[in-house]
Number of protein chains: 2
Amino acid sequence: MLKLTKKADYGLMALKYLAEHPESPALSAKDVADAYGIPAQLLAKILQRLTKAGMLRSQAGINGGYALAKDARTISAYEVILAIDGPFFITSCSKGAKGCELGPNCTIREPLARVNETIAGVLKSISIQDLAEHESAPASPGCDSKDLITLTG
Amino acid sequence: MLKLTKKADYGLMALKYLAEHPESPALSAKDVADAYGIPAQLLAKILQRLTKAGMLRSQAGINGGYALAKDARTISAYEVILAIDGPFFITSCSKGAKGCELGPNCTIREPLARVNETIAGVLKSISIQDLAEHESAPASPGCDSKDLITLTG
DNA sequence: TGTAATCCCGACCAAATTAGTCGTATACTA
DNA sequence: TAGTATACGACTAATTTGGTCGGGATTACA
């Protein structure tokens with residue numbers, strides 16, 4: 001239904017959180033998980049992926065944890081999602097190298113590639129820094145404000 | 001993983017197919033399903049939705065079937081997806097009226113609303129006519145051409 | 001050198017979503 | 001009135017996602 005997985009969400013939230021706490025040399029997976037009330041072990045796995053992808057530095061042991069490996073401005077939402085969920089393409093065919101197995105179905109795929117590119121472009125244009133700047137938005141009266149929902153339907 | 005459902009794909013394909021065959025007064029769900037090798041009953045349900053949404057006209061009985069209710073140029077990919085899959089929002093929170101139940105999680109949602117808007121915008125800018133014009137692209141050597149995949153990863 | 005905190009990682013189970021089927025009712029045409 | 005088609009809801013199956021478990025490797029510090 002064209003939405004991010006929770007894992008990607010969690011990853012973005014965690015990176016945002018780390019970007020907001022540059023004073024700590026490292027925050028553990030548990031620290032971040034507790035801050036948002038999300039499962040610690042799940043977040044741990046996500047942070048491991050981001051580490052492998054080079055966005056985080058990790059340190060084991062007491063007072064260990066994770067810290068941004070790069071400037072928050074240089075980490076795009078795109079690479080985060082890519083690292084966590086793998087490559088995406090909005091149409092169902094073209095899963096990896098298989099291509100579309102259903103004959104002429106991909107007639108639809110080519111025009112929609114433009115959409116895919118646009119999505120990738122916007123996601124690339126958004127950095128962790130951008131997310132961090134939104135610092136618990138003061139004017140928004142709550143998460144269920146209606147104005148955002150209308151645009152979706 | 002940020003991709004369309006197969007149902008949405010099928011719906012777009014079917015509309016495209018109908019747009020390409022304006023000479024027939026109506027094509028049955030089976031006709032279209034056979035043309036693409038997709039399950040007829042599933043497609044039938046999808047076409048029923050599109051009919052209820054006003055994009056198709058249906059006729060029961062012999063030689064019945066479906067035909068576009070509007071000009072192919074006036075049907076956007078956006079409304080098709082919306083009719084089939086319902087409203088979407090790329091972040092996991094904000095499902096319908098529930099809002100985000102996980103406390104401060106939505107710190108990420110607001111900046112990503114821009115992404116959502118952009119996606120909706122591109123989808124709105126693509127019409128069934130656009131899809132139909134791509135008429136089994138002659139130059140593409142196959143569905144598994146690599147150039148499109150690279151942009152996703 | 002030992003212990004506690006922490007990352008690392010693969011296998012596994014559970015929940016949710018999506019895909020697809022079935023059965024029946026209804027509408028239309030010849 | 002027989003045959004073909006849509007309409008629609010309930011149901012099952014498959015896939016994907018979310019989350020857990022357990023063992024192992026690092027690191028800091030007493």
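This report walks through a predicted model of two protein chains with two DNA strands, moving from the architecture of chain A to the DNA surfaces and then to a few residues inside the protein.

**Chain A at a glance**

Let's start with the overall layout. Chain A is built from seven helices and two strands. Following the sequence from its start, the order of elements is α-α-α-β-β-α-α-α-α, with the two strands placed after the third helix. Chain A has 153 residues, and 52% of them count as buried. Its contacts also reach across the sequence: among those between residues at least 6 apart, 61% link residues at least 24 apart.

**The surface near DNA strand C**

Now to the DNA. Around DNA strand C there are 24 residues, and the closest ones come from both chains: A:Ala29, A:Ser58, B:Lys6, B:Leu42 and B:Gln59. By residue type, this surface holds nine nonpolar, 11 polar and four charged residues. On the DNA side, sugar or phosphate supplies 68% of the strand C atoms that lie within 4 Å of the protein, while bases supply the rest.

Three residues of chain A show how the phosphates of strand C are met. A polar backbone atom of A:Ala29 sits 2.9 Å from a phosphate oxygen. A:Ser58 uses a polar side-chain atom instead, at 2.6 Å from a phosphate oxygen, and A:Tyr66 brings a side-chain N or O atom to 3.0 Å from a phosphate oxygen. The elements that contribute two or more residues to this surface are α3, β1 (56–59) and β2 (65–68) from chain A, along with α1 (6–20) and α3 from chain B.

**The surface near DNA strand D**

DNA strand D is likewise surrounded by 24 residues, with A:Lys6, A:Leu42, B:Ala29, B:Ser58 and B:Tyr66 as the closest. Here the residues divide into 10 nonpolar, 10 polar and four charged. Of the strand D atoms within 4 Å of the protein, 64% are part of sugar or phosphate, and the remainder are base atoms.

Both chains make polar contacts with this strand. The side chain of A:Gln59 places an N or O atom 3.2 Å from a phosphate oxygen, and a backbone N or O atom of B:Ala29 is 2.8 Å from a phosphate oxygen. B:Lys45 addresses a base: one of its polar side-chain atoms lies 3.3 Å from a base nitrogen of strand D. Two or more residues each are given to this surface by α1 (6–20) and α3 (40–52) of chain A and by α3 (40–52), β1 (56–59) and β2 (65–68) of chain B.

The polar contacts described above can be set side by side:

| Residue and atom | DNA partner | Distance |
|---|---|---|
| A:Ala29, backbone | strand C, phosphate oxygen | 2.9 Å |
| A:Ser58, side chain | strand C, phosphate oxygen | 2.6 Å |
| A:Tyr66, side chain | strand C, phosphate oxygen | 3.0 Å |
| A:Gln59, side chain | strand D, phosphate oxygen | 3.2 Å |
| B:Ala29, backbone | strand D, phosphate oxygen | 2.8 Å |
| B:Lys45, side chain | strand D, base nitrogen | 3.3 Å |

**Helix packing in chain B**

Helix α3 of chain B, which gives residues to the strand D surface, also packs against α4(B). The axes of α3(B) and α4(B), the latter spanning residues 77–85, approach within 9 Å and cross at roughly 115°. The crossing is right-handed. From α3(B) the contact uses B:Ile46, B:Arg49 and B:Leu50, and from α4(B) it uses B:Val80, B:Ala83 and B:Ile84. Five of these residues are nonpolar, none is polar and one is charged.

**Three buried residues**

B:Leu68 belongs to strand β2 of chain B. B:Leu68 counts as buried because its relative accessible area is 17%, under the 20% cut-off. Beyond its sequence neighbours, its contacts are B:Leu15, B:Leu18, B:Ala19, B:Met55, B:Leu56, B:Arg57 and B:Ile75. Of these, B:Ala19 is 49 residues away in sequence, yet the two C-alpha atoms are 7.1 Å apart.

In chain A, A:Ser76 lies in the loop between β2 and α4 (77–85). A:Ser76 has 10% relative accessibility and so counts as buried. Leaving out residues within four places in sequence, A:Ser76 touches A:Leu123, A:Lys124, A:Ile126 and A:Ser127.

A:Ser127 also figures in the last case. A:Lys16, in helix α1 of chain A, is separated from A:Ser127 by 111 residues in sequence but by 9.4 Å between C-alpha atoms. Is A:Lys16 buried or exposed? A:Lys16 is buried, with a relative accessible area of 1%.

Methods
Residues are numbered from 1 along each chain as its sequence is written. Chains are lettered from A and ligands numbered from 1 in the order in which they are written. This is a predicted model: local features need pLDDT of at least 70, side-chain atom pairs count only at pLDDT 80 or more; totals for chains, interfaces and linings use all residues. Side-chain values use heavy atoms; hydrogens and water are left out. A residue is near a molecule or strand if one of its heavy atoms lies within 4 Å of it. A polar contact is a pair of N or O atoms within 3.5 Å; within protein, one must be able to donate a hydrogen and the other to accept it, and residues adjacent in sequence count only if both atoms are side-chain atoms. Helices (H or I, at least four residues) and strands (E, at least two) are DSSP runs, numbered from the N terminus. Ala, Val, Leu, Ile, Met, Phe, Trp, Tyr, Cys and Pro count as nonpolar, Asp, Glu, Lys and Arg as charged, and the others, Gly among them, as polar. Axes are lines fitted to C-alpha atoms, for helices over the stretch in contact, and angles run from 0 to 180 degrees between N-to-C directions. A crossing is left-handed if the near helix is turned anticlockwise from the far one by less than a right angle, and right-handed if clockwise. Contact means heavy atoms within 4.5 Å. Buried means under 20% relative accessible area, exposed over 50%, partly exposed in between (1.4 Å probe, protein chains only).
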